[in-house]
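This report takes a predicted model and follows a few of its residues, strands and helices in turn. Please keep the sequence and the structure in view while reading.

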Amino acid sequence: MDIDVVTLFPAMVEHAARVGVTGRGIERGIWRLACWNPRDHATDGYRRVDDRPFGGGPGMVMMAEPLAACLQALHARRAGAGLPRARVLHLSPRGALLTQRRVAELATLPALVLLASRYEAVDQRLLDTEVDDEVSIGDYVLSGGELAALVLIDAVVRLLPGVTNDARSPQCDSFADGLLEGPQYTRPEAYRGTAVPPVLLSGHHALIERWRREQSLRVTLSRRPDLIEAARRDGRLSRADEAFLRELG
Ligand code: 4GS
């Protein structure tokens, strides 16, 4: 997968993306990152990329022209290599909330362009003409879209085949099956006087799977009852699941 990020702080994105699982994905050639600075496409001698909002009001607005020129340059690079035009996403609290479902859909695309904006806003004319979708990572306001772009990159890249060493782990995640994950334990068997749940040491795989399912139902019901409701609606709860939930009350 090819990911191009438009950002005034390319070092922030480059450094963070080259760490850990996402960094290993780059080293393995599973995805490629390129950052593009709209300041390199500013039209005046001061390299200005922002200006005051028409109509007044606080803060600054990112100018359309430097962003458009920057996007044109990265689209041209792909076209020159014979590659199809990439989907352009703007990270913004006005966008649709990023979910694991959306992440999994994005992970199937061959290329993404992420626009990480700064200041109070982006000129609407640029959004109308150059951006395909707006995506939000949550109902709060950041000082820049870089961290949101990195959140999206992290969630997408870890799903790409060959990035994690165990191909099963993304399927076991919270949300992969619409429920939260239950507790996990590792050595030692007794930690400061607390033992590991004995079933996990039983070697009885069917029993362990059932116990894990029940823990998952228990934690989801107490923290995210909306997810239990959705699972029920979609027919993802078995009769054994329903019986266990009734037991919980
Ligand atoms: C988000 C968010 C965000 C909005 C960027 C104000 C600077 C800021 N981006 N999900 N301008 N929440 N962006 O807060 O994606």
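## A buried arginine in a loop

Arg 118 counts as buried, because its relative accessibility is 17% and the limit for that class is under 20%. The residue is placed in the loop between strand 6 and strand 7, and its side chain is joined to the side chain of Glu 146 by a polar contact of 2.8 Å.

Leaving aside residues up to four places away in sequence, Arg 118 touches Leu 8, Phe 9 and Met 12, together with Met 62, Ser 143, Gly 144 and Glu 146. Glu 146 therefore appears both among the residues that Arg 118 touches and as the partner in the side-chain polar contact, while Met 62 is also a residue of the smaller topic taken up under the mixed sheet, where Met 62 in strand 4 stands opposite Asp 50.

## The parallel sheet

Five strands, in the order 2-1-6-5-8, make up an open sheet whose pairing is parallel. Strand 2 (32-36) and strand 8 (133-136) occupy the edges, and because each has a single partner strand, one side of each is left without a neighbour in the sheet. On average, and with direction ignored, neighbouring strands of this sheet are turned by 35° against each other.

Helix 1 (residues 10-17) packs on this sheet, where it touches strand 1 (2-6) and strand 2, and the direction of helix 1 makes about 165° with that of strand 2. Elsewhere in the sheet, strand 5 (residues 87-97) and strand 6 (residues 111-115) run parallel and are joined by four bridges, with Leu 89 standing opposite Leu 114 in strand 6.

## Strand 1 and its two partners

How many of the residues of strand 1 are buried? Five of the five are, so strand 1 is largely enclosed by the rest of the structure. The burial applies to both faces of the strand, with Asp 2, Asp 4 and Val 6 on one side, Ile 3 and Val 5 on the other, and all of them buried.

Strand 1 pairs with strand 2 in the parallel sense over five bridges, and strand 1 is also joined to strand 6 by five bridges, again with the two strands running parallel. Ile 3 illustrates both pairings, since its bridge partner in strand 2 is Leu 33, whereas in strand 6 the residue opposite Ile 3 is Leu 112.

## The mixed sheet

A further open sheet is formed by three strands in the order 3-4-7, and here the pairing is mixed. Its edge strands are strand 3 (50-51) and strand 7 (121-122), each of which pairs on one side only. Between strand 3 and strand 4 (residues 61-62) the pairing is antiparallel, over two bridges, and Asp 50 stands opposite Met 62 in strand 4.

## An exposed threonine

Is Thr 108 buried or exposed? With a relative accessibility of 64%, Thr 108 counts as exposed, and this residue is placed in the loop between helix 4 (100-106) and strand 6. A polar atom of the Thr 108 side chain lies 2.6 Å from the backbone oxygen of Glu 105. Computed along the chain in residue numbers is not the whole picture here: Thr 108 and Val 156 are 48 residues apart in sequence, and their C-alpha atoms are 9.0 Å apart in space.

## Helix 8, Ser 216 and helix 9

Helix 8 (residues 205-223) and helix 9 (residues 225-233) have axes that come within 5 Å of each other and cross at roughly 120°, which makes helix 8 oblique to helix 9. In this contact, Leu 217, Thr 220, Leu 221, Ser 222 and Arg 223 of helix 8 meet Pro 225, Leu 227 and Ile 228 of helix 9. Sorted by class, the residues of the contact are five nonpolar, two polar and one charged.

Ser 216 also lies in helix 8, and it counts as buried because its relative accessibility is 8%. The side chain of Ser 216 reaches the backbone oxygen of Leu 180 at 2.7 Å. When residues up to four places away in sequence are not counted, Ser 216 touches Leu 179, Leu 180 and Gly 182, so that Leu 180 is named both in this list and in the contact made through its backbone oxygen.

Technical notes:
Residues are numbered from 1 along each chain as its sequence is written. This is a predicted model: local features need pLDDT of at least 70, side-chain atom pairs count only at pLDDT 80 or more; totals for chains, interfaces and linings use all residues. Side-chain values use heavy atoms; hydrogens and water are left out. Axes are lines fitted to C-alpha atoms, for helices over the stretch in contact, and angles run from 0 to 180 degrees between N-to-C directions. Angles under 35 degrees count as roughly parallel, over 145 as roughly antiparallel, 65 to 115 as roughly perpendicular and the rest as oblique. Contact means heavy atoms within 4.5 Å. Ala, Val, Leu, Ile, Met, Phe, Trp, Tyr, Cys and Pro count as nonpolar, Asp, Glu, Lys and Arg as charged, and the others, Gly among them, as polar. Buried means under 20% relative accessible area, exposed over 50%, partly exposed in between (1.4 Å probe, protein chains only). A polar contact is a pair of N or O atoms within 3.5 Å; within protein, one must be able to donate a hydrogen and the other to accept it, and residues adjacent in sequence count only if both atoms are side-chain atoms. Two strands pair if DSSP finds at least two bridges between them.
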